[in-house]
Amino acid sequence: MKYAFAGLGALGVAGMIFVASSVTPETAQAANLDNGKSKFLANCQVCHGNKGWGDGPAAAGMDNKPANISKKLNSMFSSDTKLTQKVMDGKPGMPAFKGVLSQNDVADIFAYIRSMNP
């Protein structure tokens, strides 16, 4: 019986790894990467840097350092839905982009960041 539970635990971990790795550069192609790139460069790059690592030119002078978006997108503790909501609503140190970006734009930005950080 002890081994049956160990097997179930291994399946759970394998399932989490599959879900976390299910977004690949090929999956990102379903999004509009050109739109994601243009929106990222216009709205995100100055703070979040060229690859979304939080190291943009404006980051050095900020009290609230920009997030490493790439790391958050690849974390099993974050979801695209939660991250999209933060982008739309803003948070301390980051303006709200509701009215500037659509949810589709944000999804395209996330796909673009993933495509640069396989």
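Helix 6 spans residues 80-89 of this predicted model. Four of its residues are buried: Leu83, Thr84, Val87 and Met88. Viewed along the axis of helix 6, these buried residues lie within an arc of 140 degrees, so they line one face of the helix. Thr81 and Lys82 sit on the other side of helix 6, where they are exposed. The cover over the buried residues of helix 6 includes helix 5 (69-73) and helix 7. Glycine 90 comes just after helix 6 and takes a positive phi of about 80 degrees.

Helix 7 also packs against helix 3. The angle between the two is about 95 degrees, and their axes are 7 Å apart. An angle of 65 to 115 degrees counts as roughly perpendicular, and helix 3 and helix 7 are therefore roughly perpendicular to each other. The table shows who makes this contact.

| Helix | Residue range | Residues in the contact |
|---|---|---|
| Helix 3 | residues 33-43 | Leu33, Asn35, Gly36, Lys37, Lys39, Phe40 |
| Helix 7 | residues 103-116 | Asp105, Asp108, Ile109, Ala111, Tyr112, Ile113, Ser115 |

By type, the residues of the contact between helix 3 and helix 7 comprise six nonpolar, three polar and four charged.

How far does confidence reach? The protein chain has a mean pLDDT of 82, and 75% of its residues reach 70 or more. Over residues 10-29, pLDDT stays under 50. For residues 10-29 the model has six contacts beyond four places in sequence. Where pLDDT is low, predicted coordinates should not be read in detail.

Key
Residues numbered from 1 in each chain as written. Predicted model: local features only at pLDDT ≥ 70, side-chain atom pairs only at ≥ 80, totals over all residues. Heavy atoms only, no water. Axes fitted to C-alpha atoms, helices over the stretch in contact; angles between N-to-C directions. Parallel < 35°, antiparallel > 145°, perpendicular 65-115°, else oblique. Contact = heavy atoms within 4.5 Å. Nonpolar A, V, L, I, M, F, W, Y, C, P; charged D, E, K, R; others polar. Buried < 20%, exposed > 50% of the residue type's maximum accessible area, 1.4 Å probe, protein only. Arc of directions from axis to C-beta. pLDDT = per-residue confidence, 0-100.
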